[in-house]
Amino acid sequence: MSAVELVSLTSLPRELERLTGARPPGYRRLWTLTVDGRIPAEQVNGRYQVRRADLPDIAAELGLTARAPVVS
């Protein structure tokens with residue numbers, strides 16, 4: 001069984017910006033989308049967490065596109 005890497009909702013804007021290079025919505029907007037069920041998340045000790053593997057899907061839901069990996 002593999003470990004699932006989780007990202008806290010408070011870190012989600014930073015992670016989305018790192019993934020896409022675009023400015024993501026703020027924490028409050030992301031929290032609202034999470035509570036409304038539009039962002040897949042789970043509560044761990046009362047705090048929302050998202051799976052790192054879901055970041056591209058979350059970015060797509062928000063209209064953000066992942067930037068292409070740099071190939072040298």
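When I say "contact" or "touches" today, I mean heavy atoms within 4.5 Å. With that settled, take threonine 34, which touches Leu9, Ile39, Ala41 and Tyr48, leaving out residues up to four places away in sequence. It sits in helix H2, and at 6% relative accessibility it counts as buried. One caution before we go on: this is a predicted model.

Okay, the overall layout. We have 3 helices and 3 strands, and starting from the N terminus the order is β-α-α-β-β-α. The protein has 72 residues, and 28% of them count as buried. If you take contacts between residues at least 6 apart in sequence, 57% of those join residues at least 24 apart. On the outside, the protein exposes about 5100 Å², with carbon and sulfur atoms supplying 48% of that.

Now the inside. The largest nonpolar core has 12 residues: Val7, Leu9, Leu12, Leu16, Leu30, Leu33, Ile39, Val50, Leu55, Ile58, Ala59 and Leu64. Helices H1 (12-20), H2 (27-35) and H3 (55-61) each put in at least two of them, and H3 gives the most, with 3 residues.

If you want one core residue to click on, try valine 50. Again leaving out residues up to four places away in sequence, valine 50 touches Glu5, Leu6, Val7, Leu12, Ile39, Pro40, Ala41, Leu55 and Ile58.

Back to H2 for a moment. Which residues of H2 are buried? Leu30, Leu33 and Thr34. They span an arc of only 100° around the axis, so they are on the same side of H2. What do those buried residues pack against? That would be H1 and strand E3, residues 47-51. And after H2 comes glycine 37, with a positive phi near 85°.

While we're on phi: most residues other than glycine have a negative one. Asparagine 45 is not a glycine, yet its phi is positive, about 55°. You'll find asparagine 45 in the loop between strand E2 (42-44) and E3. Is asparagine 45 buried or exposed? Exposed, because its relative accessibility is 78% and the cut-off for exposed is over 50%.

Let me go over to H3. Proline 56 lies in that helix, and it counts as partly exposed, at 43% relative accessibility. Proline 56 and leucine 19 are 37 residues apart in sequence, but their C-alpha atoms are 7.8 Å apart in space.

Next, the charged side chains. The count comes to 5 salt bridges, and I'll walk through some of them.

Start with glutamate 5 and arginine 52, whose side chains meet at 3.0 Å, N to O. This pair links distant parts of the chain: glutamate 5 is in the segment before E1 and arginine 52 is in the loop between E3 and H3, 47 residues apart. Glutamate 5 is partly exposed, with a relative accessible area of 47%, and arginine 52 is partly exposed too, with 30%. Both of these residues belong to a network of salt bridges that links Glu5, Glu15, Arg18 and Arg52.

Then there's glutamate 61 with arginine 38, at 2.9 Å, N to O. Glutamate 61 is in helix H3 and arginine 38 is in the loop between H2 and E2, so this pair ties together parts that are 23 residues apart in sequence. For accessibility, glutamate 61 comes out at 38%, which makes it partly exposed, and arginine 38 is partly exposed at 43%.

One more: glutamate 42 forms a salt bridge with arginine 51, and here the closest N and O atoms are 3.8 Å apart. Glutamate 42 is partly exposed at 32% relative accessibility, and arginine 51 is partly exposed with a relative accessible area of 37%.

Last stop, the surface. Which residues make the nonpolar patch of about 200 Å²? Val4, Leu6 and Val44. Leucine 6 lies in strand E1, residues 6-8. At a relative accessible area of 32%, leucine 6 counts as partly exposed, and leucine 6 is also one of the residues that valine 50 touches.

That's my tour. If you'd like a place to start looking yourselves, go to threonine 34 in H2 and follow its contacts, among them Leu9 and Tyr48.

Definitions and conventions: Residues numbered from 1 in each chain as written. Predicted model: local features only at pLDDT ≥ 70, side-chain atom pairs only at ≥ 80, totals over all residues. Heavy atoms only, no water. Core = buried A, V, L, I, M, F, W, Y, C linked by side-chain atoms within 4.5 Å. Buried < 20%, exposed > 50% of the residue type's maximum accessible area, 1.4 Å probe, protein only. Helix = DSSP H or I, 4+ residues; strand = E, 2+ residues; numbered from the N terminus. Patch = residues over 30% accessible without salt bridge, like charges linked within 9 Å, V, L, I, M, F, W, Y side chains within 5 Å. Areas by Shrake-Rupley, 256 points an atom, 1.4 Å probe, with all protein chains shown as cover. Salt bridge = Lys/Arg side-chain N within 4 Å of Asp/Glu carboxyl O. Arc of directions from axis to C-beta.
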